Amino acid sequence: MKKRTRGTTAIAVTVLLGAAVSACSEEAPQDMETARRAQAALDSANAALDQEREAETKLIRKCMNDKGFKVFPTGGTATDTGKKRGEDLSPSAETARTVGYGADPRRSDNQKSPENLDDFDALPEDVKRAHSMAMDGYVDKPEGGVEFDFGGGKVMVPSKGCRGETLKAVYGDVKEYLRLNWTVYNSVKQNGANILADDDGYQKALSEWSSCMKAGGYPQIATPEKARESALAHYANIADGDTAALDNAQRAEIKQATTDAECGTKAGLNTKAREAKSRASAASLVKHEAEITAWLELITKAKGKAQDLLRETS
């Protein structure tokens, strides 16, 4: 067993598609309102999913620790979500005030796996097999899992082991989780970068945001992507144990993020981005609004359940 693919990451089964769909016509304002509502629900679900994944990953790690497994493949503490933040381009005032952009390397979701890759490699083969059995309920060939047939194939997650037990505890109806996850992220997800580049309303808001950032003391930041790059740069070349330097970097990050949030609100950046995505993906959003709403409800409940379980077992 040489493959190191079974860490303690939360289960993610999404495959993001980049195909855009046509917008609703001017003659269908009701559809556009539905699309905006669905897009807002999708953005909220993405933000909740990030938080659920972090708690879920910790629950899986604790389950494995309780079974006596202390060494994991590299990446075993990462949260596998396909992205590191929500859909909003500019942070909310609360997020900016509390964590900035979340770039501080001391945050749990920024921590690298403390184990050396060779530690897991060096384990005896029977221990590795026992590790896989404890994690997923199987060793080499996936079997006995929960499946969802999407028409062109199937997706599956374990029903046993720490992964399967955690999924069941957090989501309850795991098959419904698979169905909604697949539908939302494979039938609805759009190529946001291309959509925003082609939208005049968003580009105007972006120009206003950039001018505001310049007036606020950040002339080098022209896009939200550059803002996050700048936030990371505050921590460059700081030693892990240099608390004073890290604290200074965090204050600089939060100061920048606060300006970003104020400028984002003033320019309506997130709103314009959401509207642009809604126009471009309106038909798909309208078609799948019920599934998106159900997914938001499911992931919000799962987030709360995972966080409650984490507190109970800490």
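Here is a short question-and-answer walk through a predicted model. Residues are numbered from 1 along each chain as its sequence is written, and side-chain values use heavy atoms, without hydrogens and water. Local features need pLDDT of at least 70 and side-chain atom pairs count only at pLDDT 80 or more, while totals for chains, interfaces and linings use all residues.

Student: How many residues of helix α5 are buried?
Tutor: Helices here are DSSP runs of H or I with at least four residues, and strands are E runs of at least two, numbered from the N terminus. Buried means under 20% relative accessible area, exposed over 50%, and partly exposed in between, using a 1.4 Å probe and protein chains only. Helix α5 spans residues 161-171, and of its 11 residues the buried ones number eight.

Student: Which element gives the most residues to the largest nonpolar core?
Tutor: Such a core is a set of buried Ala, Val, Leu, Ile, Met, Phe, Trp, Tyr and Cys residues joined through side-chain atoms within 4.5 Å. This one has 33 residues, with V170, Y171 and I299 among those touching the most other members. Contributors of two or more residues include β2 (154-157), α5 and α13 (289-313). The top giver, with 10 residues, is α1.

Student: Which residue of α5 is in contact with I299?
Tutor: Contact means heavy atoms within 4.5 Å. Leaving aside neighbours within four places in sequence, I299 touches A45, A48, L49 and E52 as well as one more residue. That partner is buried in α5: Y171.

Student: Is E94 buried or exposed?
Tutor: E94 sits in helix α2 (residues 93-99). Its relative accessible area is 55%, so E94 is exposed.
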